[in-house]
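Please read the following walk through a protein chain with its sequence and 3D structure open beside you, and find each residue as it is named.

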Amino acid sequence: MKFLVINGPNLNLLGLREPDIYGNQSFEALERFIRESCEKEEVDCTLFQHNHEGAIVDEIQKAYGVYDGIIINPAAYTHTSVAILDALKAVAIPTVEVHLSDISAREPFRNHSYVSLAAIQTIKGKGFEGYREGITVLKKYLLERK
Ligand code: DQA
């Protein structure tokens, strides 16, 4: 089983960025955590981070026929990007949306997610652990679908 894990803009600044919201751990620590979680679940995973919307759209398009599932934290594009939503719908690869913080308990503009319209589940407010849960949920979904 092959998963593509996508992290959007500014997540590369974890540790430095608003630690009261996102914690003190670095992005490298998050990537390690994701790799370890995938290994435990015996899932093959590729990690991709980009700050540009179009680069994320390109990566989703390239995922067609290559990956069984996508885990995505679209970061700020969650709340603005019809392009990322459309790309996910176009490739129709089962997707789980993850947010470190609880986007429903923050500023009103973070309450709405375009990406959730293409996701089988949205996990929010669980920090790094949300990615582990996302990997487990996606694996279970794919196994049950077969
Ligand atoms: C985020 C929440 C978004 O609102 C924000 O723009 C981010 C990170 C999260 O993981 O909590 O960059 O997706």
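Helix α4 is followed by A92, a residue whose phi is positive, near 50°. At the other end of the helix, where α4 starts, a side-chain oxygen of S81 in this predicted model reaches to within 3.4 Å of the backbone nitrogen of A83.

Between these two ends, the buried residues of α4 are I84, L85, A87, L88 and V91. Seen down the axis of α4, these residues fall within an arc of 160°, and therefore they line one face of the helix. The face turned away from that buried side carries K89 and A90, which are exposed. As for what covers the buried residues of α4, the list includes helix α3 together with the strands β3 and β4, the latter spanning 95-99.

Helix α3, which covers residues 53-62, can be read in a similar way, beginning with its buried residues I56, V57, E59 and I60. Because they fall within an arc of 160° when seen down the axis of α3, these buried residues line one face of the helix. They pack against β1 (2-7), β2 (44-49), β3 (69-73) and α4 (82-91), whereas the face of α3 turned away from them carries the exposed residues Q61 and K62.

A last topic is the cysteines: how many disulfides does a search of the whole structure find? The search finds 0, and for C38 the reason is one of distance, because its sulfur lies 3.0 Å from the closest cysteine sulfur, that of C45, which is too far for a bond, given that a disulfide requires the two sulfur atoms to be within 2.5 Å. C38 is buried, with a relative accessible area of 1%, and C45 also counts as buried, at 16% relative accessibility.

Terms used: Residues numbered from 1 in each chain as written. Predicted model: local features only at pLDDT ≥ 70, side-chain atom pairs only at ≥ 80, totals over all residues. Heavy atoms only, no water. Buried < 20%, exposed > 50% of the residue type's maximum accessible area, 1.4 Å probe, protein only. Helix = DSSP H or I, 4+ residues; strand = E, 2+ residues; numbered from the N terminus. Arc of directions from axis to C-beta. Contact = heavy atoms within 4.5 Å. Polar contact = N/O pair within 3.5 Å; in protein donor to acceptor, adjacent residues only side chain to side chain.
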